[in-house]
Structures are given as C-alpha cells and as structure tokens.
Amino acid sequence: MNDVIVIIGGGPAGLFCGLQAAGDGRDVIVFEKKPAPGRKLLVAGSGQCNITHDGEIADFSSHYGDHGAFLRPALMNFTNRDLVAFFADRGLRMKAEPEGKVFPETRKSAAVLAVLLAECAARGVEIRCDDPVRDVERDNDVFIVRTAKATVRAGVLVLATGGASYPATGSTGDGYAFARSLGQPTTEVAPALAPVYVEDYPFADLAGISFQNLTFTVYRDGKLVGRHTGDLLLTHTGLSGPGILDASRSIRPGDVLRVAFLPEAEAVRKRLTDAVAAGGARQVKTVLGDLDLPERFARRLLDLAGVPAGETCARLTKKARNALAASLAEFPFRVERLGGFNEAMVTRGGVALEGIDKKTMASKTVENLYCIGEVLDIDGDTGGYNLQAAFSTAALAARHIAGLHEPR
C-alpha cells in the first residue's frame, strides 16, 4: 500500500487535513502554488479571521442554503466548539462577539495560520511551497501528481484548492480541472458573497451609510424569488453589507431588489401618513429624521420624490407623500451585475456534491480521492460559516484517511 498522502492546496482545509491525517507511518505532502501557505486565510475577516460562529452546531446547517444537509455529518463530527478548543489547547484563545462571530483574541489571521503551521511541523507534514501542481492522473490504484518541480506517486489524493475567489491569493479554480480530469463531476461556478452593482444608482455620494436588519425582496421577471433580512451598506456603486452579501448567492443580473428602509414595510405607508398629518408646519425632512433615517439619506429621498428641501408637512401633496412612502417601503434597485471573483468572498458551485460521500468526503467513484473545503459546491453565509465548513470537511476526510491507513 502506498502510504503517501498528497494534499493540493495549503489553505486552512489543506493544512488542517494534513495535520489531522499525519502520523503512524503516513507521509503527508501539501503542495502550495504560492511562496507561502495560507494566503487567503490571512485576508479572512479583513485580516482578523472570523473563524467560526457561536451557538449550537445543529443550527449551522440552515446557513448553507440547499447544501446544509450535506454538511451536517462533517459539522457534527468536528463542531465549532471543537475548533475553538483545538486552538485554545495550543495557546490561541477565541472570543465570540455579541452578534455571534468568533475571532481569535489577537484579532489576527496570522496567529491562526501560525498554529496550523506549527502543528503541521510537529506532526511531520511536508509543505512544498512555490510548487504548483500541473496535472493529476490515476494509474491503477495510485495517483500520479505532477508539479512544476517533481512527480509524486500517492495512495491518497486530497483536493483542497479552494474556489475561484480572490485569485491573487492562489484560489484560481485549479481544483475543478483536477477533479474533472479524474472523472469527478463539477457544477458551474460563480462569485458568491459579493457586492451588488446597481443600474442608475442614486446613492453614490452616500457611500458608507448603513442600515441594520432591513428586509429586502428579490424579483426576477416580475416574480418574487427571494426574501432576505440583514444589514445593508450603501457603497459608491451599489449595495453591500452582510445581508446583501448573503443574499447575493441567489441574486442574478437583471433582478430587482426591493428594499424596505423601515421595519415592517407593510406599515410604512401608515407611519408616514400619520407622521405627516401630525407634522403641520414642521418640515418633512425633520419628520423623516424622527423615523430614525440618516439625515443625508432622508434628503436624497426627498430629492428623488421631487419634494423641496424646506417643504412643510402641511404643504406636502398626496402624490409626493405616496412617492416617499413607496421609497421607504420598497425602494427598487435593478441589478446590473455582481462583484467578480476578485471581490467575492467565496465561490458558488464546484465539485458536485452528488459525487461525494458526505460521511467521509471521499469520492463515490474514484477510490482514495477526497474533496474538502471550498472546492466543493458549498457556500455559506458570512459570519464564520465558510471557514467552519473548511475545517469540518478537512477533519472528517482526515479521520477516514487515517482509519483506512492504520499502521500495519
């Protein structure tokens, strides 16, 4: 039996799988195309590394869209508590923020990477950097892995190449080609957790204004296709913020987003009507401010509704009032496009889940081939869910690999 285990990709999934699978005569080699491993991990959470989310692991499945059921065995095998404990046992404590995001106490992604690399070194994992894999093939029961510098024969091959987002970090979709060359099916890929660019965007000069816990609906060809709730950020070119990023996984160019800028959109018209009716000589912009709308944003809504800046409630026409109410209840944004792979946090699509055993992360058709992390057709919400999926799938694959390759 060939006890060489080759892992392609030196990100969190690849490194964690390597250190978990090493030992008892198993030789683990991690190939990393960049000069150093963990490039994408270092930029996670703006360099602060939102590594997972607090709460019960049983609740995580709902944060991966239609693919949460596939991930459940991996998540239950290696939970968010297990992940926190792994780093705490090695001197890196984690801290949960009030909204549930979990960060290292140092707030540095580099600290997370340092623990992974130290553990790899302690367990004898060989990391070959600046050595991109060119191609892989199957020769009977052995994988032949050709890199820029060497050819290696391995009994086990793990694809941990990541997705196609942030290509400057090394995530350029190589794993999809490797999978297909071995007969492993893949799905179409696209950016996910990406900002939304808007046609005829009217708030370019209001970039930086944010709203919490808004409701927005997605319409496609006039039909409602999605309803979401979350935080929204106005940018120079469109919409971002956690709520928009999460929803972007199901948004397509040409869709119309209707945003309720006040809670309980159905009651917005009545709230505004009552406020204006009671306003009398007060200016409309002052009344809008009473509704907890940012002042600059309220002034822009007045401009769009054709209401003079100093207009009083008593002089506001019914037409103008209705226009304001419509803007507050369901402001329409037509989607021009989504941010590309250089802006997206993760990738939608990848190695098809139908071809992977969810209890082991092993291929159903290619013996001793494993796919973990973002190379899989899995994308989760913001808030640490994607990194948790990377660690959990890595741990599950390593557990199975170690079980199959126990010392003779």
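This is a short dialogue on reading a predicted model of one protein chain.

Biologist: Where do I start? How many helices and strands does the chain have?

Modeller: Start with the overall make-up. The chain has 12 helices and 21 strands. Its C-alpha trace spans about 90 × 45 × 35 Å along the principal axes.

Biologist: What share of the residues counts as buried?

Modeller: Of the 408 residues, 53% count as buried. The chain exposes about 17600 Å². Carbon and sulfur atoms supply 48% of that area.

Biologist: How do I read contacts along the sequence? What share joins residues at least 24 apart?

Modeller: Take the contacts between residues at least 6 apart in sequence. Of these, 73% join residues at least 24 apart.

Biologist: And charges? How far apart are the mean positions of the positive and negative charges?

Modeller: They are 4 Å apart. The chain has 47 positive and 49 negative charges.

Biologist: Now a single helix. How many residues of α1 are buried?

Modeller: Helices can be judged by their cover. An α-helix has 3.6 residues a turn, so residues three or four places apart point the same way. Now look at α1, residues 12-21. Nine of its 10 residues are buried. Among them are Pro12, Leu15, Phe16, Cys17 and Leu19.

Biologist: What follows α1?

Modeller: Gly23 does, and its phi is positive, near 110°.

Biologist: Which way does phi usually go, negative or positive?

Modeller: Most residues other than glycine have a negative phi. Asp24 is not a glycine, yet its phi is positive, about 55°. Asp24 is in the loop between α1 and β2 (27-31). Arg107 also has a positive phi, near 55°. The loop between β5 (101-104) and α5 (109-122) holds Arg107.

Biologist: How accessible are Asp24 and Arg107?

Modeller: Asp24 counts as exposed because its relative accessible area is 53%, and exposed means over 50%. Arg107 has 30%, so Arg107 is partly exposed.

Biologist: Let me try aromatic rings. How many aromatic pairs are there?

Modeller: Rings pair if their centres lie within 6.5 Å. By this rule the count is 18 aromatic pairs. One is Phe261 with Phe297. Their centres are 4.6 Å apart, with 50° between the planes. That makes the pair tilted.

Biologist: Where do the two rings sit in the chain?

Modeller: Phe261 is in the loop between β16 (256-260) and α8 (268-279). Phe297 is in helix α10, residues 295-304. The two are 36 residues apart, and the pair links distant parts of the chain. Phe261 and Phe297 are both buried.

Biologist: Which residues do ring pairs link into a cluster with these two?

Modeller: Tyr201, Phe203, Phe211, Phe331 and Phe333 join Phe261 and Phe297 in the cluster.

Biologist: Rings can meet charges too. Which charged ends sit over a ring?

Modeller: Arg258 has its charged end over the ring of Tyr219, 5.8 Å from the centre. The charged end of Arg337 sits over the ring of Tyr197, 3.9 Å from the centre.

Biologist: Loops next. Is Ser248 buried or exposed?

Modeller: Buried means under 20% relative accessible area. Ser248 is at 1%, so Ser248 is buried. Its place is in the loop between α7 (242-247) and β16. Setting aside neighbours within four places in sequence, Ser248 contacts Ala192, Leu193, Ala194, Val196 and Leu338.

Biologist: Is Glu311 buried or exposed?

Modeller: Glu311 counts as buried because its relative accessibility is 14%. Glu311 lies in the loop between α10 and α11 (318-330). Beyond neighbours within four places in sequence, Glu311 touches Arg282, Gln283, Val284 and Leu316. The C-alpha atoms of Glu311 and Val284 are separated by 6.0 Å, with their positions 27 residues apart along the chain.

Biologist: One last loop residue. Is Asp200 buried or exposed?

Modeller: Asp200 has a relative accessible area of 75%, so Asp200 is exposed. The loop between β12 (196-198) and β13 (210-220) holds Asp200.

Biologist: How far is Asp200 from Glu336 in sequence and in space?

Modeller: They are 136 residues apart in sequence. In space, the C-alpha to C-alpha distance is 9.0 Å.

Notes. Residues numbered from 1 in each chain as written. Predicted model: local features only at pLDDT ≥ 70, side-chain atom pairs only at ≥ 80, totals over all residues. Heavy atoms only, no water. Phe/Tyr/Trp six-rings, centres within 6.5 Å; stacked < 30°, edge-to-face > 60°. Helix = DSSP H or I, 4+ residues; strand = E, 2+ residues; numbered from the N terminus. Buried < 20%, exposed > 50% of the residue type's maximum accessible area, 1.4 Å probe, protein only. Lys NZ or Arg CZ within 6 Å of the ring centre and 35° of its normal. Contact = heavy atoms within 4.5 Å. Areas by Shrake-Rupley, 256 points an atom, 1.4 Å probe, with all protein chains shown as cover. Lys, Arg positive; Asp, Glu negative; His and termini not counted. Charge placed at Lys NZ, Arg CZ, Asp CG, Glu CD.
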